[in-house]
Amino acid sequence: MHKIYTYIAGAKRGYCEDALYADENCAFVIDGATGVSGEKVTDCATDAAWFSAAHRAYLAGALKGDGEIAEILKTGVREVAARYARFDGADKVKDKPSAVISVVRERNGYLEYYSLGDTVVVIRKKDGEVLHILDTRLVELDNINFGRMKEIAARTGKTLREAFADIRPYILENRAKMNTPEGCCALSHTADGLDTAITGKIPLSEVRDLLVFSDGFAEIYDLFGLYPSPAALIADVAENGILPAMKKLHAAQDSDPDCEKFVRNKLRDDISVVYAEI
């Protein structure tokens, strides 16, 4: 990989629960999630920020090895979970931090990809085909909850952002089903579910470029419609870089500060983006 662009920013200035990494052989984005209760036992701003950073530190080295991505992640999950468990009070945290992740890696003449949760990989091939790689299980659960928010707001007169507090029990219910057949899958505190990611590989000779990003950036086409497709997005980023696209997204978000027109639970999310040519 070369001509690498990256962007990362927290929704709040003080911290970011996303993490990213990119070099000539691999790239990944991690989107951490703090427990709904907001409990904190680590020395970071949030436990999710610590969790994402811990996985980033491990993977930046581990992905240089020759093992399968899923097996590398399983080892990392066990190591990070063991480190988290050593914090005072960790055993009492019911809703522990978790994260979703997408990885791309060059190995043995192929571009490998691995996507778990609602982080996204977009791969543009030299023949013009564009692959949009997304594990939709978490997206589907989130959409159900957004529907609940709209119903609660309509019934009670609350704003959508106020109605978010009323769906927290459903979020906890989804978290309890994580890495089971009834729920979504993510990096958590066991290796269960890591084999259910969307995976594949493409000959490097067929690949032109790629984007890997968290769901905070996916809003640019799947919520705000600022691009008609992931294909249009990667074409623009390839020509103009990430920042012009970010300015468009921020302007759209700022034009809907109460999240009423474009339903979401906060003004903007943490965002991490990697672009690279092959």
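Which residues in α7 meet which residues in α8? In this predicted model, L233, D236, V237 and N240 are the ones on the α7 side, and their partners in α8 are I242, P244, A245 and K248. By class, that contact splits into 5 nonpolar residues, 1 polar and 2 charged. The two helices, α7 spanning residues 230-240 and α8 spanning residues 242-254, pack at an angle of about 125°, and their axes are 7 Å apart. At that angle, α7 and α8 are therefore oblique to each other.

Let's walk back along the chain to another helix pair. Helix α1 covers residues 47-62 and helix α2 covers residues 69-85; their axes lie 10 Å apart, at an angle of about 135°. That angle is why α1 counts as oblique to α2. The crossing of α1 and α2 has a right-handed sense. If you would like to pick out the contact on screen, select D47, W50, F51, A54, H55, Y58, L59 and A62 in α1, then I72, L73, T75, G76, V77, E79, V80, R83 and Y84 in α2. Sorted by class, the residues joining α1 and α2 come to 11 nonpolar, 3 polar and 3 charged.

A third pair is formed by α3, residues 137-156, and α5, residues 168-176, whose axes come within 10 Å and cross at roughly 165°. Angles over 145 degrees count as roughly antiparallel, so α3 and α5 are roughly antiparallel to each other. Their crossing is right-handed. From α3, the contact draws on L141, N145 and R148, while α5 brings Y170, I171 and N174. Here the residues divide into 3 nonpolar, 2 polar and 1 charged.

Both of these helices also appear in the next feature, the largest pocket. Each of α3 and α5 supplies at least two residues of its lining, as do β3 (26-33), β4 (98-107), β7 (130-134) and α6 (215-222). Of the elements involved, α3 gives the most to the lining, with 7 residues.

How big is the largest pocket, in terms of volume? Its volume is about 1,600 Å³, and 50 residues line it. To find the middle of the pocket, look for D142, D215, N265, K266 and D269, the lining residues that lie nearest its centre. Taken as a whole, the lining of the largest pocket has 23 nonpolar, 12 polar and 15 charged residues.

To retrace the route, the tour passed from the oblique pair α7 and α8 to α1, which is oblique to α2, and then to the roughly antiparallel α3 and α5. It ended at the largest pocket, where α3 is the element that gives the most to the lining.

Notes. Residues are numbered from 1 along each chain as its sequence is written. This is a predicted model: local features need pLDDT of at least 70, side-chain atom pairs count only at pLDDT 80 or more; totals for chains, interfaces and linings use all residues. Side-chain values use heavy atoms; hydrogens and water are left out. Axes are lines fitted to C-alpha atoms, for helices over the stretch in contact, and angles run from 0 to 180 degrees between N-to-C directions. Helices (H or I, at least four residues) and strands (E, at least two) are DSSP runs, numbered from the N terminus. Angles under 35 degrees count as roughly parallel, over 145 as roughly antiparallel, 65 to 115 as roughly perpendicular and the rest as oblique. A crossing is left-handed if the near helix is turned anticlockwise from the far one by less than a right angle, and right-handed if clockwise. Contact means heavy atoms within 4.5 Å. Ala, Val, Leu, Ile, Met, Phe, Trp, Tyr, Cys and Pro count as nonpolar, Asp, Glu, Lys and Arg as charged, and the others, Gly among them, as polar. On a 1 Å grid over the protein atoms alone, a cavity is a set of points where a 1.4 Å probe fits but cannot get out, and a pocket is an open set with protein on both sides within 12 Å along at least five of seven lines; lining residues have an atom within 4 Å of a point. Grid points are joined across faces, edges and corners, and a volume is the space filled by probe spheres set on the points.
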